[in-house]
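I opened the file and kept these notes while going through it. The entries follow the order in which I looked things up.

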Amino acid sequence: MFTIFDTLDYEERVDKLAKRRGRAKELGLTECTGCGACCARMPCVPTPAEVYLIAEFLRMRVEDCVRKYFVVYWLPKRPPYLLQAKTSWLSCVGNLVERSLTFEDGYCIFYDEDNRTCKIDSVKPRVGREYKCWNTEQLSFIDQTYKSWEGVDLELFGARPPFIPVDAPKELKQNG
Ligand code: SF4
Ligand code: SF4
């Protein structure tokens, strides 16, 4: 498992990136600057229905879309879910993200760094639409977003097992 130091180090690197690219929060703004820090920290979590929407937007079969642009992600006491890959996770598309790559730097595969936009803006997950770095309140529907993956067969989306790290402690495998 990762230590608190890995997480702190990662957050520090994301903060540096955010400051360099002008995150709204640091600038005292209440409008997104498109800095991409949130898309670099962790891609926005979709629901299963939103994965279908993204595949439809890209005119792809959902299985092909997942094997090209998504990874399986797992958090303790949550069901495993699909997540847009980061550019540092391309070796894992269609599979569970390798532990060693979890805190690697990189943007969400759909972030356009030069133009500061989301390439799938019209169909990006609700989490991405409603997240505002200048507002510290947690998104009220985030638990529902994780819960929407309960009982979903990720293989039907084209993902390849295993979906939970083999070394994950047993007590953390249960859904919270
Ligand atoms: S919402 Fe995300 S992209 Fe927009 S300014 Fe904040 S961190 Fe940057
Ligand atoms: S889907 Fe778009 S908004 Fe969401 S993390 Fe990726 S680039 Fe950012």
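How are α4 and α5 oriented to each other: roughly parallel or roughly perpendicular? I noted before starting that this is a predicted model.

**Entry: helix pair**

I looked up the packing of α4, residues 48–57, against α5, residues 62–69, and found an angle of about 95°. Their axes are 9 Å apart. Angles from 65 to 115 degrees count as roughly perpendicular, and therefore α4 and α5 are roughly perpendicular to each other. Next I listed the residues that meet: Val51, Tyr52, Ile54 and Ala55 come from α4, and Val62, Cys65 and Val66 come from α5. By class, this contact of α4 with α5 holds 7 nonpolar residues, no polar and no charged ones.

**Entry: helix α1**

I then turned to α1, which covers residues 4–21 and has 18 residues. From its first C-alpha to its last α1 reaches 26 Å, close to the 26 Å expected at 1.5 Å a residue. I checked how far the helix is covered and found that it hardly is: the count of buried residues among the 18 in α1 is 1. I took Phe5 as a sample residue within α1. Is Phe5 buried or exposed? I found 8 other C-beta atoms within 10 Å of Phe5, and 12 or fewer counts as exposed, so Phe5 is exposed. I also read off the separation of Phe5 and Lys147, which are 142 residues apart in sequence and 28 Å apart in space, C-alpha to C-alpha. Just after α1, I noted that Gly22 takes a positive phi of about 80°.

**Entry: ligand shells**

Which residues are around ligand 1? I listed Arg23, Ala24, Cys32, Thr33, Gly34, Cys35, Gly36, Ala37, Cys38, Tyr131, Lys132 and Cys133. Sorted by class, the shell of ligand 1 has 7 nonpolar, 3 polar and 2 charged residues.

For ligand 2 I listed Cys39, Pro43, Cys44, Gln84, Cys108, Phe110, Tyr111, Cys118, Ile120, Lys124 and Gly128 as the surrounding residues. This shell divides into 8 nonpolar, 2 polar and 1 charged.

**Entry: backbone oddities**

I searched for positive phi outside glycine. Lys77 has a positive phi of about 65° although it is not a glycine. I located Lys77 in the loop between β1 (70–73) and β2 (81–84). With 11 C-beta neighbours inside 10 Å, Lys77 counts as exposed.

Arg116 is not a glycine either, and its phi is positive at about 55°. I placed Arg116 in the loop between β3 (111–112) and β4 (117–118). Arg116 has 15 C-beta neighbours inside 10 Å and so counts as partly exposed.

I also looked for cis peptide bonds. One joins Pro161 and Pro162, with omega about 5°. Pro162 sits in the loop between α7 (142–147) and α8 (170–173).

**Entry: helix α8**

I looked up two residues of α8, starting with Leu172. Leu172 counts as partly exposed, with 15 C-beta neighbours inside 10 Å. Neighbours within four places in sequence left aside, Leu172 is in contact with Pro76 and Lys77. Lys77 had already come up for its positive phi. Leu172 and Arg78 are 94 residues apart in sequence, and I read 8.4 Å between their C-alpha atoms.

The other residue I looked up in α8 was Lys173. Lys173 has 15 other C-beta atoms within 10 Å and is partly exposed. Leaving aside neighbours within four places in sequence, I found Lys173 in contact with Ile164 and Ala168. The C-alpha atoms of Lys173 and Trp74 are separated by 9.3 Å, with the two positions 99 residues apart along the chain.

**Entry: Leu96**

Last, I looked at Leu96, which is in the loop between β2 and β3. Is Leu96 buried or exposed? I found 20 C-beta neighbours inside 10 Å, so Leu96 counts as buried. Which residues is Leu96 in contact with, leaving aside its neighbours within four places in sequence? I listed Val72, Trp74, Pro162, Phe163 and Pro165. Pro162 is the residue that the cis peptide bond joins to Pro161. As a further distance, I noted that Leu96 and Glu150 are 54 residues apart in sequence and 17 Å apart in space, C-alpha to C-alpha.

Definitions and conventions:
Residues numbered from 1 in each chain as written. Chains lettered and ligands numbered in written order. Predicted model: local features only at pLDDT ≥ 70, side-chain atom pairs only at ≥ 80, totals over all residues. Near = placed C-beta within 6 Å. Nonpolar A, V, L, I, M, F, W, Y, C, P; charged D, E, K, R; others polar. Axes fitted to C-alpha atoms, helices over the stretch in contact; angles between N-to-C directions. Helix = DSSP H or I, 4+ residues; strand = E, 2+ residues; numbered from the N terminus. Parallel < 35°, antiparallel > 145°, perpendicular 65-115°, else oblique. Contact = placed C-beta atoms within 7 Å. Expected span 1.5 Å × (residues − 1).
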